[in-house]
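Student: Could you take me through one part of this model up close? I'd like to look at the salt bridges and what sits around them.

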Amino acid sequence: MENIYAGHFFKRRISMMKRRISAVLLALALCMLAPYALAANRVTNIDIGVLLEDDGSAWIKQIWSGRFSEGTECYIPISDSGYLAVEDLTVSMGENEEIEFESLDDWDVDASFDDKAYRCGIHRTGDGYELCWGISEYGEQTFVISYHVRDLVRSFDEADGFNFMFVNPGMNTTPTDVTVWIEAENYDLSVDNSAAWAFGFTGEIQFEEGGVYAWTEDPISGNDRVIIMLEMNPDMLSPRLRADGSFETMVKQPAMDGSDYDDGEDGSLIGVLCAIGAAVVGLVVWAIVHSV
């Protein structure tokens, strides 16, 4: 776990300082509004670090910064996709993780504010998991949530990879700025050995300094989500889970269908056809002119 706390992940957090200042100014502005305006929770920033292990599992760390003014708990929903397993949840509170939460084996979503305070747990649902923790103290807070996802990366016929939703839609804590940093345990990720795509939000994704970095350019809200798809050469990791089929047909094509990437490919094709059409028209005009 210690690797995920260091290096590039914290460089990304430093790059978010200007946004943090904006978030503070926003919080001050909210304090000047009517009391009802402060009723909802607001997570201004979510910074996510992902460390891919050799067996295809991953340690994920999320840092939530914001204002919490209602309810008893926060939670992160995760679909198990029929093969994922989520375990080893830890939560702490404070910029320097001063307060470590007690981990409960059986999380009661209906427990009181006091019973959930400074405690965390994994709640199993029909769709997967909810990683839960008590708000514990109302006001400006920072929560650090770490957990282990087994079999995030699967092995396919021609590649290894995953398509995973790191931030779900419909959160009642938005608008939220999000960054995601992904690195592999023993390999540098680059355009030479990997490909990466982002879905569900307005932002960018790129390879830099041995990892994949994605960020929102507009805060996510409403039905926005943060999904990252990563394809890697098959000789980099040794995933425990083998899928019967190709990454292209099982993961990439379904993800691309109806996405901006798909629109871009269609747009490129239309552009090529228009260019060909224009060239043909030009040749016809040239032939008519020169035949007169």
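Tutor: Sure, let's start with the term itself: a salt bridge here is a side-chain nitrogen of Lys or Arg within 4 Å of a carboxyl oxygen of Asp or Glu. Keep in mind that this is a predicted model.

With that cut-off in hand, take E102 and R119. Their side chains meet in a salt bridge, with N to O at 3.3 Å. E102 belongs to strand β6 and R119 to strand β7, so the pair links distant parts of the chain, 17 residues apart. Buried or exposed, or something in between, for E102? E102 is partly exposed, because its relative accessible area is 43%. R119 is partly exposed too, at 27% relative accessibility.

Now stay with strand β7, which covers residues 119–124. R124 lies in this strand, and its side chain forms a salt bridge with that of D80, again 3.3 Å from N to O. D80 sits in the loop between β3 (73–79) and β4, so this pair ties together parts that are 44 residues apart in sequence. The two partners differ in cover: R124 is partly exposed, with a relative accessible area of 46%, whereas D80 counts as buried at 16%.

Follow the chain on from D80's loop and you get to β4, residues 85–93. Strand β4 pairs with β9 (residues 139–150) in the antiparallel sense, over seven bridges. Within that pairing, V86 stands opposite V149 in β9. Both strands are part of an open sheet of eight strands with mixed pairing, in the order β5-β4-β9-β2-β1-β12-β15-β14. At the edges stand β5 (99–100) and β14 (203–208); each has a single partner strand, so one side of each is left without a neighbour in the sheet.

Back to salt bridges: the structure holds nine of them. Another one joins D157 and R242, whose closest N and O atoms are 2.8 Å apart. D157 is in the loop between β10 (154–155) and β11 (160–167), and R242 is in the loop between β16 (226–232) and α4 (247–256), so the pair ties together parts that are 85 residues apart in sequence.

Last stop: some charges that are not in salt bridges. D105, D106, D108, D110, D114 and D115 gather in a patch of negative charge on the surface. One of them, D110, is found in the loop between β6 (102–104) and α3 (113–116). D110 counts as exposed because its relative accessible area is 70%, and the cut-off for exposed is over 50%.

Technical notes. Residues are numbered from 1 along each chain as its sequence is written. This is a predicted model: local features need pLDDT of at least 70, side-chain atom pairs count only at pLDDT 80 or more; totals for chains, interfaces and linings use all residues. Side-chain values use heavy atoms; hydrogens and water are left out. Patches are made of residues with over 30% relative accessible area and no salt bridge: like charges are joined within 9 Å, nonpolar side chains (Val, Leu, Ile, Met, Phe, Trp, Tyr) within 5 Å. Accessible areas come from the Shrake-Rupley method with a 1.4 Å probe; for residues, only the protein chains shown count as cover. Lys and Arg count as positive and Asp and Glu as negative; His and the chain ends are not counted. The place of a charge is taken as NZ of Lys, CZ of Arg, CG of Asp or CD of Glu. Helices (H or I, at least four residues) and strands (E, at least two) are DSSP runs, numbered from the N terminus. Buried means under 20% relative accessible area, exposed over 50%, partly exposed in between (1.4 Å probe, protein chains only). Two strands pair if DSSP finds at least two bridges between them.
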